[in-house]
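Colleague: Before I rely on the labels in your annotation, I should like to see the reasoning behind them. Could we take them in turn?

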Amino acid sequence: MTLPVRMPAEWEPQDGVLMAWPHEESDWAPYLRDTEAVFSDIICAVSRFEKVVLVVPPGRAAAVKSRLTSDGAVSDRLILFEVPGNDTWARDFGPIFILENDLPRLLDYGFNGWGLKFPADRDNRINRRLHALGAFGKIPMDTPGLILEGGSIETDGRGTLLTTSQCLLEPNRNPHLDRTGIESALGRRLGFDRFLWLESGFLEGDDTDAHIDTLARFGPGDTIVHIACDDPGDSHYPALTAMARELGDFRTRDGAPYRLIPLPCPGARTDDGGERLPATYANFLVINGAVLVPTYNDARDRQALDTVASAFPEREIIGIDCSTLILQHGSLHCVTMQLPEGVLS
């Protein structure tokens with residue numbers, strides 16, 4: 001099926017991955033060294049397969065590239081831009097690319113700190129600054145005038161959107177749009193003609209209002225990989241059980257059930273104040289030839305890696321210890337944004 005406008009699936013060919021280097025003015029400051037090590041692990045892994053476009057604070061490019069090269073990153077695949085930012089959540093402020101008649105186009109949706117929860121003024125300007133600096137060549141850029149985070153949407157690359165009503169209908173994002181309005185706006189700009197809305201599913205400590213990339217992910221062959229809770233005593237059990245039922249009721253474009261692959265939940269992790277952290281294995285990143293999966297020094301890490309491998313059997317599965325990232329209520333997919341083939345100059 002050829003669509004005049006479509007958003008590519010994450011497992012389609014990529015030019016690279018966008019990330020933003022952690023810095024002293026971000027919330028990573030109390031454990032910056034450990035955070036830098038995790039980012040370096042991710043960048044080194046990605047650079048084995050494709051390019052990494054890295055946003056770094058002004059004046060830091062040479063030092064950061066030297067450190068990454070020393071850590072083992074493929075130097076020729078590192079592209080650094082000195083652009084100021086608030087934080088490092090590239091999934092949510094990063095560019096969303098579509099294909100119009102097979103030609104790429106950049107959509108710069110607004111980012112307002114997950115519904116005005118956190119400062120995002122500098123992050124919200126990063127895409128425009130990268131575009132002005134020539135990061136994406138002469139690819140045209142549009143600003144749709146909507147708040148939309150990349151972590152809130154999943155697509156199969158064939159016109160189907162998987163998302164959560166808790167996030168996309170949250171009143172501090174786009175209060176002027178109801179469900180029908182959101183479907184119309186995203187259908188028109190991203191090419192979606194099928195909408196799968198999850199009404200259930202959440203993680204304690206999640207600041208995003210139930211981003212879909214923490215809960216359920218599309219995979220090739222009408223597959224959905226989703227987190228599942230098998231402990232009735234866990235606070236997540238009722239919502240995730242209800243979510244699994246919803247996923248079981250969804251149908252593919254051809255009317256068949258999806259192939260559902262349940263991921264385990266890691267054991268409960270809490271911060272120093274006793275607040276539960278939203279650790280999830282669903283926050284994996286698909287790149288050319290590999291899948292990077294967050295791990296948490298947990299007894300279920302191995303099971304999670306094997307489960308993701310069953311959804312992506314032709315790709316190398318690489319575990320990345322994200323125990324530090326989860327301290328700021330995010331994980332591996334949250335700090336990365338894939339750049340489809342044909343978008344880098």
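**Reasons behind the labels**

Modeller: Helix α1 (residues 32-47) and helix α2 (residues 61-71) pack with their axes 10 Å apart, at an angle of about 65°. Please bear in mind that this is a predicted model.

Colleague: Why are α1 and α2 called roughly perpendicular to each other?

Modeller: Angles of 65 to 115 degrees count as roughly perpendicular. The angle for α1 and α2 is about 65°, and the pair is therefore described as roughly perpendicular. The crossing of α1 past α2 is right-handed.

Colleague: Which residues of α1 and α2 meet?

Modeller: From α1, the residues are E36, A37, S40, I43 and C44; from α2, they are R67, L68 and D71. As general background, residues three or four places apart point the same way, because an α-helix has 3.6 residues a turn.

Colleague: How do you know that the span of α1 agrees with its 16 residues?

Modeller: At 1.5 Å a residue, a span of 22 Å is expected for α1, and the C-alpha atoms at its ends are 22 Å apart, so the two values agree.

Colleague: What makes α1 largely enclosed by the rest of the structure?

Modeller: A residue is buried when its relative accessible area is under 20%. Twelve of the 16 residues of α1 are buried, and the helix is therefore largely enclosed. Among them are L32, V38, F39, I42 and V46. E36, S40, I43 and C44 are also on the buried list, and these four take part in the contact with α2.

Colleague: Why does W114 count as buried or exposed, and why L116?

Modeller: The relative accessibility of W114 is 9%, so W114 counts as buried. For L116 the value is 62%; exposed requires over 50%, and L116 therefore counts as exposed. W114 lies in helix α4 (residues 113-116), and L116 is placed in α4 as well.

Colleague: What is notable about phi in W114 and L116?

Modeller: Most residues other than glycine have a negative phi. W114, which is not a glycine, has a positive phi of about 55°. L116, also a residue other than glycine, has a positive phi near 70°.

Colleague: What makes both faces of strand β11 covered?

Modeller: On one side of β11 (residues 216-219), A216 and F218 are buried; on the other, R217 and G219 are buried.

Colleague: How do you know that β11 pairs with strand β12?

Modeller: Pairing requires at least two bridges, and four bridges join β11 to β12 (residues 223-227), with the strands antiparallel. F218 stands opposite I224 of β12. Three residues lie between the strands of this hairpin, where G221 has a positive phi near 70°.

Conventions
Residues numbered from 1 in each chain as written. Predicted model: local features only at pLDDT ≥ 70, side-chain atom pairs only at ≥ 80, totals over all residues. Heavy atoms only, no water. Buried < 20%, exposed > 50% of the residue type's maximum accessible area, 1.4 Å probe, protein only. Helix = DSSP H or I, 4+ residues; strand = E, 2+ residues; numbered from the N terminus. Expected span 1.5 Å × (residues − 1). Axes fitted to C-alpha atoms, helices over the stretch in contact; angles between N-to-C directions. Parallel < 35°, antiparallel > 145°, perpendicular 65-115°, else oblique. Left-handed = near helix turned anticlockwise from the far one by under 90°. Contact = heavy atoms within 4.5 Å.
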